[in-house]
Amino acid sequence: MISSRSCKNLILLIYLSISLQLQVASSLSSPSPITSNTDAAMLSSTLTPKIITISETIWRKAASNHSQRIRQLLQPGLTPLEHNFNSGKSKRRQQHYIDDWTALDPVNPIYNFLIEYYGLKGAKGPRRLARWAPDPKLLWEEHCSEASSTTIVSSSPSVEKEQLYKAAMKASHGLGGVLLENANIDDIGGTLHMRGGVPVPIMVEEGNPQEDTEQQLHGVLYNPAVFYNRHLPLNNNNNDKDDKERKQQLLKTIAPFQWYTSILKQTLNSDPILHCYGLHEWAMQYHPEGADPPPSAKYQSSLNLRVSRQVINDTVERKGVRCTHVDALRFFAPAAGPLNHHGASLQRMDQLRLEQKGCVHAHMDLLKIGLKLQGFIDSELMVDILEVALAARKLDVEASPYDATEYGAGIVPIETNEGRKVYRERQIGLMQRAEPVRQRLLDAYEVFMKIAFDESLLLGSDEFVGGRGKRTPSVVDDNVVMSKSNTGDGPYVAPERLAMAEPGGLPWRKNLIDKS
């Protein structure tokens, strides 16, 4: 069996080989070799390639603090080491991940949404959240050199920094990045995010990496422009099949980021709905006489109901359901669909019209949106997002018809007038807490896209619904018909954006409107 260290060294050698091949390919496909000067022009007049170094002492302390904060938040939901979910743990401990991360408890109602909604399964789920990466915003800010924790290594570095600068620029194809000094190959995928981490090998006189790659790195560099191969030129030649295919692939890559940007903008610009009272959970258990049993009755099956079936039915029927979260509708009991004021059938693109800042599930989904950027997002922001998501989940569970007191949850009896008053007060507090976090996440998305992708690919995205400076769908008439031209995806529309959600229906990807 190949040892973990040997595997990591092999990965490094493969990465360096691929990087060299990409450099050769780019030189063959362009009139002249790519240099840091041409890359600077490609990035934009406001973003000049540079190497920003963070000293080992600073970044390791930041990474440690991040991991500790994640552990504090997740600790109540983690399974003990001897739990059968961690049966493969001892074998892994003999390899690389020598830590005490364990899997989240899938029956803990406050934490199991991290598994079911966002795929944070096994010990690798919490470990993924605990990994650290530098904020790419450092590459965008003009005055980041004023920060005591960073140092800019310019194109005219001092003698002692010259080797580092040349090696980092070579590894980044002239695009630069944030370099974590003395980070080693074991840090990638352990302390640091594997996604986006570029090893910067120490070079010898002729510019080749050391033969012995073990521990022979200047550090690890992060730059989304490198990860998305921005150094490879786009000729925008529709007659060039390869160029056209690459551009189409990039548009597909960008589309989810544009979609989430639109969702964040829509939510920030929305008016809150403060009379939903979390009834989506009750709609899942709705079972009037003569109706088929609700498919989602098995949801949270490890918990007892704290109220009778009749109380659930009466509460849902009292004034109906006002749920704006399109993802929730699919889990409604079929009989509850007609009671939703926003429709018994919704399309994914209705999210741009309905998503609003009072929704607890919209706060939880900040984590899903943040995870999409992992490796290229401020790690402190990710912790703040997780904190908001867990607070939203706790209110969600406490206002449900389930008894989760065994897991430290309270009860918000929204079936009563007093309970609805309490829910509304906590909903407002949570909304106010989530607002600045959502704005920071939007800022992170906008900076990421400016750094990662060629400006020409992003041009025109503002013409679509949710684009910067445009009025969002929250102000249009409810009868508006959404189309491919206003789905928030920009020039490319993912098929799942044109999908249908119905109570007890199929997942988005299996319930497409246009199945051709």
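**A tour of strands, a helix and two spaces**

Start with strand β1 (residues 50–54) and strand β3 (residues 176–181) of this predicted model; the two run parallel and are joined by five bridges. To see the pairing at residue level, select I51, which has G177 of β3 opposite.

Stay on β1 and show its side chains. Which residues point one way, and which the other? K50, I52 and I54 are on one side, I51 and T53 on the other. In a regular strand, side chains alternate between the two sheet faces. Buried here means under 20% relative accessible area. Five of the five residues of β1 meet that description, so the strand is largely enclosed by the rest of the structure.

Next, select strand β4 (residues 197–201). It pairs with strand β5 (residues 217–222) in the antiparallel sense, over five bridges. Here V198 is the residue to pick, with L221 of β5 opposite. G197, P199 and P201 point one way from β4, while V198 and V200 point the other way. Is β4 enclosed or open to the outside? Five of its five residues are buried, so β4 is largely enclosed by the rest of the structure.

Move on to helix α15 (residues 360–371). This helix is mostly covered, with 11 of its 12 residues buried. The buried residues include H361, H363, M364 and D365, and further along L366, L367, I369, G370 and L371 are buried as well.

Now turn to the largest pocket, which holds about 1,300 Å³ of space. To find it, select Y117, D327, R348, K368 and W508, the residues nearest its centre among the 43 that line it. Helix α15 is one of the elements that give two or more residues to this lining; the others are α5 (113–116), α10 (241–269), α11 (280–284) and α13 (326–329). Which element gives the most? That is α10, with six residues. Colour the lining by class and the pocket shows 19 nonpolar, eight polar and 16 charged residues.

Finish with the enclosed spaces. The model has five cavities of 30 Å³ or more, and the largest cavity contains about 100 Å³ of space. Select C276, H280, C323, T324 and C359: of the 14 lining residues, these are the closest to the centre of the largest cavity. By class, the lining of the largest cavity has seven nonpolar residues, six polar and one charged.

Key. Residues are numbered from 1 along each chain as its sequence is written. This is a predicted model: local features need pLDDT of at least 70, side-chain atom pairs count only at pLDDT 80 or more; totals for chains, interfaces and linings use all residues. Side-chain values use heavy atoms; hydrogens and water are left out. Buried means under 20% relative accessible area, exposed over 50%, partly exposed in between (1.4 Å probe, protein chains only). Helices (H or I, at least four residues) and strands (E, at least two) are DSSP runs, numbered from the N terminus. Two strands pair if DSSP finds at least two bridges between them. On a 1 Å grid over the protein atoms alone, a cavity is a set of points where a 1.4 Å probe fits but cannot get out, and a pocket is an open set with protein on both sides within 12 Å along at least five of seven lines; lining residues have an atom within 4 Å of a point. Grid points are joined across faces, edges and corners, and a volume is the space filled by probe spheres set on the points. Ala, Val, Leu, Ile, Met, Phe, Trp, Tyr, Cys and Pro count as nonpolar, Asp, Glu, Lys and Arg as charged, and the others, Gly among them, as polar.
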